[in-house]
Structure formats: C-alpha cells, structure tokens
Amino acid sequence: MKNGLLKSAILGMMLGAVNATPAFSGNIEVNHLGVQNTLVRVNGDAPYLFIPVQESNDDATIRVIVDGKPDKTIYARLAKSKVDYSVPFDLTPYKGHNVVLDIMTSQGRGSVREAKDDACWSNFALADTFDTTNREKFRPAFHHTPSYGWMNDPNGMFYKDGQWHLYYQWNPYGSKWQNMTWGHSSSPDLVHWTHHPAAIEPNGLGAVFSGSSAIDTENSAGFGKNAIVALYTSAGHSQMQSLAWSDDNGNTFHIYEGNPVLTLESEARDPNMFWNPDTKQWTMVLAHALDHEMLVFSSPDLKEWTLQSSFGKGLGAQDGVWECPDLFRLPVDGTGAEKWVLLCNINPGGPFGGSATQYFIGDFDGKTFKADTDASGNVPTKWLDFGKDHYATVSWSDAPGGRRTAIGWMSNWQYAAEVPTMQFRSANTLPREIGLFTAPDGQIYASSTPSPELASLRGKTIRKGTRATIGTKGNEYALPPSGVCEIQLNVDAQKASSLTFTLKNTAGEQTVMTYDPVAHTFSFDRTRSGITDFSQEFPAVTSAPTFEDNGKLALSIFIDRSSIEVFGNDGRFAMTNLVFPTAPHTTLSVSAAGGKAKITDLTIYSIAE
Ligand code: FRU
C-alpha cells in the first residue's frame, strides 16, 4: 500500500550539490509501516540516492533489498527535525533492478502520524552527481582528508610501482563513526592524494576494521606472485581476522572465501603482518585489546596461523585498550646495530588524556619480542608523539630504500566526533620517517622527521635565514595571510631560562609554545587557541622532552588550517595538536625570559592552499 509518493527532489546540501538538469528519470516512494518502520522504494535509473542526515540523531538501520533479496545493511542518522547534510548512496551497481530500503528508525516517535513528519522522508532525493568540493574553513590545505564523511585510523598502507597506497577507516554515510569501510587514496609523493572508490566494504562477517597489507612476492597465499594481500578485522557480533587480496594493485579486493582465518575467544583486532625473510613465514602482531597485550602469530600462507608468543602484560601504559600494532626493524643511528620497534597504540591512557602512540624498542627472533630495559631493569614507557592528536600510527609496507614511513590519525577519541567540522571529520598527520637514536640517558628512542617529499609543498619564501637577539619584549614576524606555512626556527637559549613562541591571529587567539632549556622540555598550550569549547578535554597543554643538553633547539613547524605539527631536534621529539583558530595565524612572536637568547635561523615558507 502506498502512503506517499515523492517526485525526485534536487537538493544542494552541505555534503553535496547536484546538477540542475538530471540525466535520469525516476522517483522515490515512501511507505510507512509503523512507528519505526518505513519502506523507501527507488524507481528509475538515478546514479545516487541522497540520504538526509541529522547528526544528533541515533542511527537508523537501513536494509537494502535488491529484487527482493537482502544486499547490504547500512546505518545512518536519518534526519528528524532538520537536515544537517545528505550522504550519497551509490545506486549504479543496481541499475535495472528493484531497490527497496527497509528502514528501522530510532526516532522515538509516539505514533505513525508523528513519524511521518520526520524531515528525512521529504528529503530523500535522487541525483546524478555528488559534489565533494570543500565547503569548510577547517579542512586542511595539505593534509590527507576523506573527500567527505568520517575517517579514523589509517591502515593497510603499502607502496608499489611509485604509488603510496593509503587505506583508512571510513564512514561513507555520515561524519561520525559507523559502517567501517576501507576508504582508499593513493599518491605518487605522499603529498598529493587521489581518492578512489571504497576498497573493502562491510560484508557478511561484519564491518571492516583496521588491518595491514603487503605485496606477496613469494605467492605464499596462492593468489599470484606480487598480489596485494590484506588482513583486517571483521567486526560482526565479535571480532575475527579476515583475509583479502587484490590483483589490480590494491584498487579492488577479493574477499577470501575461507574467512575468518583466525578466531579467538576474546576481543582481538588490527592484524599487522609482514613477510619475515628470516623465518620464511608471515609474522602477524594482533592487538589483544582488553588484555593490554600484543599477540604474535606466524603463518606460511596467511590462512593457517600459529600463536608464537604474547608481549606486554603489565608493561608500558596499561590504562586503555591496546590497538593498532606495527613491528619493524631499523638501524640505530651511528652504531651499526639494528633494533626492532613495536608500535602499540593505546586509548585512553595517553600522556595528555585519551589516545596516543606508545612504542617499545627491543629484539625479535621471529617468534618473541623482548623489550629493552633501562638502567634499573624496567621496561620504559615511550611515546612517539607528544601531542594530543596522533593516534593509530602505523607504517607503509614495502616502502622504497629501506624507509620506514608512518602516518597517524590526527585526532583523539576523546573528542574526534565533536570537532567543529561536518562535511568531513578528521585528517591524517603528515607522513613521517621513523628512525632510531640514542639519547643522553643511554636509551634508544624512535625519532619522527617530516617525510622529505613535504619540501615540495613550499611556496613563497616569506623570510630566510633571519638572525636576531631576543629579549623579554619579543620580536614579531609576519606569517603568510593564509596562515598556512612551514616555519624552520633554530634558537640558542644562551642566558634565557625560557623561550616563548606565540602564534597570533587578528581575533586575539593565541597558541603558545614554550622551550625550557633547564628542564629540557617543549610545551604547547592551546587553551586560548580559538574554538575549544566543543569538548572539555580539548583545551590542553602538552609537553615533550627535547633530548638535548646544550640549550639549542631546532624546530620545523607545519601550520595548517586546523593543526600544528612540531618536529624538534632532528625529529627527536614530535608534537601534533589540532587547533581551531577563528582567523588564520598571521604573526609569530618570539620572546625570552631570564636573559637574552638568540634566533640563529628563522625561515618561513608559505604553503599553497
Ligand atoms: C582504533 C580502532 C581500531 C579499530 C578501529 C575501528 O582507533 O578502535 O582498534 O580497528 O578503530 O574503526
């Protein structure tokens, strides 16, 4: 029985706009079946169905029925009182078939009559294009973001034939976490990204959580020499590990029909694997999330897995779940020795609250990871980045020239869903090269330096090689009007007890960074940096050890529209923090307290927007 018939509407809402003259014919029928249940039938041959979203609502369950058979289930926060934006549902795979959406809402309406008034029903629309042109002031100018919708962890990254492939946890149906799918982008230079269609979508075993990919050079899995193989967590009623493979360089994946390839009796996720030439087997590290440990498995073919060991119980930061591991070997600067690095992202329990990337340095014999201890015999807790917005960091497999290039999710689970953006939510950090160095305390630490390709972002040189003596009054230096820039700043503290670097804008907002050469720390205060009130966890001061003993500090600072990344002393510390200034940062002020200090080199490059 039909209780509603809508003509195809043409909408131009926040997430997308459509052409005025559609090259399709069709309409949408809405049939209410009860307080919570509605059928939406799509007639005709439109490429997209726009789904109207109101972010403050709970998810509706939408079963997509094609020619009477269930095809997939998606979840979207259907609009009740107003439409925040629309998301596109791709109808092209169903051309010539009958498509019905069987929708169960959670709108909390008392009667069918009331439910019929929900804003979504009159705002479902057919369209022939979906325009993702940026409409937001806080979308980064030079960081990777999804073209629209929610993103969390980068995952499954590999390098092949001159292309850096980046997959990410993506929600194509809204800007909050849901419908986990592997989104896909690729880049020849880690700077300019091309978006591709989703690579792995939720399937019968559940949503597609984080994982890893690699080139199967040995054809160990039998999918072909140099096939791309991927392991990910299928998140259905429980978490289990699944295998997929690609014979077109990671553009599309085949789901292995024998999935899952590994099940456990407790929560485990984010399989990170590599082909170990020493053992001629695959090694997989799996986060045993709630047990705060990593499990190590091995396999000859990615299908049969043998548990070898576990690592981490009682070690390092234990306050949150352990997630997103990565294990790799690197040379230690200047010693000729090699060490293994185990990345172990945790949430919450980071040094400044919420999510953070901890790591362990040690040895790995193909079966067991053993962490180095400090002078008192304890395994020290180490952090890869000393900001609040650096999580789920993992590295590219098969990177050229022995590089270990990593990238993180530039947010924090404490407030990621509340940040003041809507067309998209979350960016990735800049790519970083991971290295190892021995610090003054005798310990080996991981360094993070900006990937060399980032130098290609440099536009106009605003200032080059400035030297100056700095006192309490401070010196002011202009930044480009866009505020989007790279600052190279070398200082010598000399007699000063602290140096302060303040980024200012015309709205009177400030981000304040302070170097303490006595305590050997660098701190970052975003409490007055702009919009901070969307979460009480957002205003914060973060602090890093500077790993120097001579009062000299060398900073590379990358400022984008809503983030600041600081790399200090050749990457001996890195700090990644979001900021939402209402106007661009246009001034850098540098001042010293307790005595005079010197700027030995200040160079500022604009970065093209
Ligand atoms: C980390 C994480 C992973 C999981 C993914 C789900 O941020 O919780 O452990 O695979 O996000 O999107």
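A pocket here is an open set of grid points with protein on both sides within 12 Å along at least five of seven lines. The model shown in every view is predicted.

**View 1. The largest pocket and the residues at its centre.** The largest pocket has a volume of about 1,000 Å³. Its lining counts 39 residues. Closest to the centre are Lys72, Pro172, Tyr173, Thr181 and Glu201.

**View 2. Strands in the lining of the largest pocket.** At least two lining residues come from each of β8 (69-76), β9 (85-90), β13 (163-171) and β15 (194-200). β8 gives the largest share, five residues. By class, the lining of this pocket holds 22 nonpolar, 13 polar and four charged residues.

**View 3. The second largest pocket and the residues at its centre.** This pocket, the second largest, has a volume of about 580 Å³. It is lined by 32 residues. Phe274, Trp275, Ser397, Asp398 and Arg404 are the closest to its centre.

**View 4. Strands in the lining of the second largest pocket.** β12, β16, β20, β24 and β29 (391-395) each contribute at least two residues to this lining. The largest share is that of β24, with six residues. The lining of the second largest pocket divides into 16 nonpolar, 11 polar and five charged residues.

**View 5. The shell around the ligand.** The ligand is surrounded by 13 residues. The closest are Asp153, Gln169, Arg269, Asp270 and Glu323. By class, six residues of the shell are nonpolar, three are polar and four are charged.

**View 6. Side chains at the oxygen atoms of the ligand.** Three side chains are picked out here, those of asparagine 152, arginine 269 and aspartate 270. In asparagine 152, a side-chain N or O atom lies 3.0 Å from an oxygen atom of the ligand. For arginine 269, the distance from a side-chain N or O atom to a ligand oxygen is 2.8 Å. For aspartate 270, the corresponding distance to an oxygen atom of the ligand is 2.6 Å. The ligand taken alone exposes 320 Å², and the protein buries 94% of that area.

**View 7. Strands that build the shell around the ligand.** Two or more shell residues come from each of β12 (149-160), β16 (207-216), β20 (269-276) and β24 (321-331). β12, β16, β20 and β24 also each supply at least two residues of the lining of the second largest pocket.

Key. Residues numbered from 1 in each chain as written. Predicted model: local features only at pLDDT ≥ 70, side-chain atom pairs only at ≥ 80, totals over all residues. Heavy atoms only, no water. Near = heavy atom within 4 Å. Polar contact = N/O pair within 3.5 Å; in protein donor to acceptor, adjacent residues only side chain to side chain. Areas by Shrake-Rupley, 256 points an atom, 1.4 Å probe, with all protein chains shown as cover. Helix = DSSP H or I, 4+ residues; strand = E, 2+ residues; numbered from the N terminus. Nonpolar A, V, L, I, M, F, W, Y, C, P; charged D, E, K, R; others polar. 1 Å grid on protein atoms, 1.4 Å probe; cavity = no way out; pocket = protein on both sides within 12 Å on 5 of 7 lines; lining within 4 Å. Points joined across faces, edges and corners; volume = space filled by probe spheres on them.
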